[in-house]
Amino acid sequence: MTTTIEKITLSEQEQQQIRGLLDEVMQIPMMTNQYAFMESSALYAQELPRRVRRKFYEFQRYEEAAALLVAGSPVLGQGAGPSPSSFIELDKDYRLNDAKILHGLYGSLLGEAIGFTSQRSGSIYNNIIPLKELSAVSNSSSGSDLDFGFHVEDAFHPARAEYLGLVCMRNDELASTTISCVDGVELSVEEKQTLFEPRFRIPHNPIHDTTDAVEEVLQPIFFGHWDAPYVKINAAALNLSEYVGVELQALTKLLSHFAKNRIEVVLEATGCIFVDNYRCVHARDSFKANYGGSARWLARVVFASSLRKSRSMRNSVMTRAINA
Ligand SMILES: [Fe+2]
């Protein structure tokens, strides 16, 4: 098993410290605006308990765990309120709740939150809710009837983030999030070499509206170091019939590695998880969704190690929305 999840369970004292920090942040009205908050998140995150900061640092630095899960966060004390029935982040007066703010603080220990212009107008926070009208759409975060297959978040994009963060407001359906890590994949030298070469199509997910800014050229699926490759793949939209010979062989082995090493996490309300988006794919199996106020409700934010590396794809220094 190469997919391991590191779990942080907060002590009572850590919970108190974190609650105090959240109260301080949230008494400033502007801090519940996602864009204003993100400009201060990295600063406030330095006041999270040191043990928590260390765990996040080690997760990032050692590249051992596939994901980091924080349980027992002192948020949603009055409940999350009814699940939204639309993408509320598009509303002008969209406000963050304490769970999302804390998720942002944790994530800021890993990097800078980013968005994509092609996805909900560049919103940093993306609410994930099942929508009846999209229930049968595959590879949509609002779908539920069909499996959402393995993918690296924003795999097609050169500026995809290193970390995918999810925070759970409600999951009465007990829908699981599936994660699988590339570590330990067994391939012949020729197969591995093939995956390091620009011979594959990495299609967009339908969640991104436009494809104008990024050309769909053939790309490698592996990158980084030969001994411990990073991966970018969108298996959910991969058409294996386009490949033959060693390419097909390598893809088949990689997909079967992901299938064998998958682990399922059922997020509970207040749970925050951060997935290594360079070493892991993730998926969501089909589930029977509640619709309306009791529907499964997550929010997603992705975190990149640097904003600077995407500067040529952002229209201003201040925007976090990457052209896509
Ligand atoms: Fe995803």
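Colleague: What spacing do the donors of the iron ion follow along the chain?

Modeller: This is a predicted model in which local features need pLDDT of at least 70, side-chain atom pairs count only at pLDDT 80 or more, and totals for chains, interfaces and linings use all residues. Residues are numbered from 1 along each chain as its sequence is written, and side-chain values use heavy atoms, with hydrogens and water left out. Donors are N, O and S atoms within 2.8 Å of the metal (3.2 Å for Na, K and Ca); water is not among the atoms, so sites may look incomplete. Along the chain, the donors of the iron ion follow the spacing H-x1-E-x128-H.

Colleague: Which residues coordinate the iron ion?

Modeller: The coordination distances are 2.1 to 2.2 Å. The donor atoms are two NE2 atoms and one OE atom. They belong to His151, Glu153 and His282.

Colleague: Are His151 and Glu153 buried or exposed?

Modeller: Buried means under 20% relative accessible area, exposed over 50%, and partly exposed in between, with a 1.4 Å probe and protein chains only. His151 has a relative accessibility of 4%, and Glu153 has a relative accessible area of 7%. Because these values are under the limit, both residues count as buried.

Colleague: Which residues does the UniProt annotation "binding site" cover?

Modeller: The annotation comes from an unreviewed entry; UniProt positions are given in the numbering used here, feature names are shortened, and annotations may be inferred rather than shown by experiment. The annotation covers His151 and Glu153.

Colleague: In which strand does His151 lie, and where is Glu153 placed?

Modeller: Helices (H or I, at least four residues) and strands (E, at least two) are DSSP runs, numbered from the N terminus. His151 is in strand E5, which covers residues 148-151. Glu153 is in the loop between E5 and strand E6 (163-170).

Colleague: What distance separates the side chains of Glu153 and His151 in their polar contact?

Modeller: A polar contact is a pair of N or O atoms within 3.5 Å; within protein, one must be able to donate a hydrogen and the other to accept it, and residues adjacent in sequence count only if both atoms are side-chain atoms. The side chain of His151 also reaches the backbone oxygen of Gly149 at 2.9 Å. Between the side chains of Glu153 and His151, the distance is 3.3 Å.

Colleague: Which residues is Glu153 in contact with, leaving aside its neighbours within four places in sequence?

Modeller: Contact means heavy atoms within 4.5 Å. With the same neighbours left aside, His151 is in contact with Asn205, Ile233, Asn234, Ala235, Val281 and His282. For Glu153, the contacts are Arg160, Leu164, Asn277, His282, Arg300 and Val302.

Colleague: How many disulfides does the structure hold?

Modeller: A disulfide is a pair of cysteine sulfur atoms within 2.5 Å. The sulfur of Cys181 is 4.2 Å from its closest cysteine sulfur, in Cys280, which is too far for a bond. Cys272 is in no disulfide either, with the nearest cysteine sulfur, in Cys168, 9.2 Å away. The number of disulfides is zero.

Colleague: What is the relative accessible area of Cys181?

Modeller: Cys272 counts as buried at 1% relative accessibility. Cys181 is buried as well, and its relative accessible area is 0%.

Colleague: Which residue's side chain makes a polar contact of 2.9 Å with Arg320?

Modeller: Arg320 lies in the loop between strand E13 (297-304) and strand E14 (321-322). Arg320 is buried, at 7% relative accessible area. The partner in the 2.9 Å polar contact is Glu112.

Colleague: Which residue's side chain is joined to that of Glu89 by a polar contact?

Modeller: Glu89 is in the loop between E2 and H4. Glu89 is buried, with a relative accessible area of 6%. At 2.6 Å, its side chain is joined to that of Arg120.

Colleague: How far apart in space are Pro74 and Phe56, C-alpha to C-alpha?

Modeller: Pro74 is in the loop between strand E2 (67-71) and helix H4 (98-108), and it counts as buried at 18% relative accessibility. In sequence, Pro74 and Phe56 are 18 residues apart. In space, the separation is 18 Å.

Colleague: Which residue caps the N-terminal end of H2?

Modeller: Helix H2 covers residues 34-45, and its buried residues include Phe37, Met38 and Tyr44. The buried residues of H2 pack against helix H1 (12-26), helix H3 (50-62), H4, strand E3 (112-116) and E13. At the N-terminal end, a side-chain oxygen of the cap lies 2.9 Å from the backbone nitrogen of Tyr35. The capping residue is Asn33.
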